[in-house]
Amino acid sequence: MNASEDLTYVYAAVPDTREVRAALGELRGVSGAPVSLLAAGTAPVAFVVSRVAPDEFDERTLKARFEDLEWLEGVARAHHEVVQTVARHDTVLPLRLATVYQNDDRARRALTAQSRAFTERIALLRGRSEFGVKLYVSPTGPPDPREGTAADSSLTPGKAYLRSRRAQHSAQETRYRHAQEAAARVEALAYRFSTHRVRHPAQTGALAGPEANVLNDAYLVPHDRAEEFRTALTAAVEGLDGVRVEVTGPWAPYSFATPSPPPGTEAAGEGAAP
């Protein structure tokens, strides 16, 4: 296939600087393709791009490809590695996974049309990184009727089970109250160190594991406050039984690449670009 027939895959918008160009070096992206900058006239920002094959990334094919978890994981890892590499050298505005244009000219036109918005967003993100904050509640064990009979030998097995079940329910209620208190602590502390927040839906199923994920937030934190942020939030659940906080980062600011949704709405997911 000729290079002219390949599609243009866009990872991010970044300042067009010598440092960013040097950072790309021998970097490889999706499908092992070389990564480069695509500029548009005098625009102060550029796209980080590589070439991908139409038989994998055209609009019709992508709909099926996004059902292939192994393929999707490979693309996501390559996309993330490119974005994180650039983020170590300058402010990066990540674009959603599988943002693809028919050719460089189409990508340049999109860059020109959005140059002002990209520049303003990059200015907001400058000097900041994304941190993820999740709260988990650990489950209580199944009721054990033997505990009830051991405490009161006059109880029948059925009554002992019910007593144990009530105790389990009470313990779980206590843990969720602790989780509410922890969430309030996290929010109060986080606002001392961060500038913006995006609230994501709590994870369920295999993503959450055996624990219940009750909070899944992303915060935009200035570089010089990152360690204070991590230390404060890690200590936020001290003394609260059955609750665990997980702080991850620093990451490229994926959650803040577009303006935050109105309060009470969920952040948009990733998907194929038109």
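This tour moves through a predicted model, naming at each stop what to select and what is found there.

**Confidence**

Begin by colouring the chain by pLDDT. The mean over the protein chain is 81, and 78% of the residues reach 70 or more. Next, select residues 260-274, where the pLDDT is below 50. In the model this stretch has 27 contacts beyond near neighbours in sequence. Where pLDDT is low, the predicted coordinates should not be read in detail.

**Strand β1 and its partners**

Select strand β1, residues 7-15. Nine of its nine residues are buried, so the strand is largely enclosed by the rest of the structure. Now add strand β3, residues 45-52, which pairs with β1 in the antiparallel sense over eight bridges. Within this pairing, V14 has A46 of β3 as its bridge partner. Add strand β4 as well, residues 93-101. The pairing of β1 with β4 is also antiparallel, and it runs over five bridges. Here A13 finds its bridge partner in L93 of β4.

While β4 is selected, stop at A98, which is found in this strand. Its phi is near 65 degrees, a positive value in a residue other than glycine. Most residues other than glycine have a negative phi, and most peptide bonds are trans. Is A98 buried or exposed? A98 counts as buried because its relative accessibility is 1%, and the limit for that term is under 20%.

**The aromatic cluster**

Return to β1 and show the side chains of Y9 and Y11. A search of the whole structure finds seven aromatic pairs. Y9 and Y11 form one that is tilted, with 4.7 Å from centre to centre and 50 degrees between the planes. Both Y9 and Y11 are buried.

Add F57 to the selection. Y9 and F57 form an edge-to-face pair, 5.7 Å centre to centre with 85 degrees between the planes. Why does this pair tie together parts that are apart in sequence? Y9 lies in strand β1 and F57 in helix α2 (residues 54-57), so the pair links parts 48 residues apart in sequence. Like Y9, F57 is buried. Finally, show W71: ring pairs link Y9, Y11, F57 and W71 into a cluster.

**The nonpolar cores**

Keep Y9, Y11 and F57 displayed, and add V30 and V48. These five have the most contacts inside the largest nonpolar core, which has 28 residues. The elements that give two or more residues to this core are β1, α1, β3, α4 (69-87) and β4. Of these, α4 gives the most, with seven residues. In soluble globular proteins, nonpolar side chains tend to be buried together.

To see the surroundings of one member, centre the view on Y11. Setting aside residues up to four places away in sequence, Y11 touches twelve-residue company that can be selected in turn, including G29, V30, V35, V48, A78, H79, V82 and L95.

Another core lies apart from the largest one. It has 23 residues, and V133, A179, F193 and A226 are among them.

**The loop after α1**

Select S31, in the loop between α1 (18-24) and β2 (36-38). S31 is not a glycine, yet its phi is positive, at about 60 degrees. Is this residue, S31, buried or exposed? S31 counts as exposed because its relative accessibility is 57%, and the limit for that term is over 50%.

**The four-stranded sheet**

Now select β5, β6, β7 and β8. These four strands form an open sheet in the order β6-β7-β5-β8, with antiparallel pairing. At the edges stand β6 (196-199) and β8 (243-251); each has a single partner strand, so one side of each is left without a neighbour in the sheet. From one strand to the next, the twist averages 20 degrees.

Restrict the view to β5, residues 128-137, and β8, which pair in the antiparallel sense over seven bridges. Here E130 stands opposite W251 in β8.

The last stop is P250, found in strand β8. The bond between G249 and P250 is a cis peptide bond, with omega about 5 degrees.

Note on methods
Residues numbered from 1 in each chain as written. Predicted model: local features only at pLDDT ≥ 70, side-chain atom pairs only at ≥ 80, totals over all residues. Heavy atoms only, no water. Pairing = 2+ DSSP bridges. Axes fitted to C-alpha atoms, helices over the stretch in contact; angles between N-to-C directions. Buried < 20%, exposed > 50% of the residue type's maximum accessible area, 1.4 Å probe, protein only. pLDDT = per-residue confidence, 0-100. Contact = heavy atoms within 4.5 Å. Phe/Tyr/Trp six-rings, centres within 6.5 Å; stacked < 30°, edge-to-face > 60°. Core = buried A, V, L, I, M, F, W, Y, C linked by side-chain atoms within 4.5 Å.
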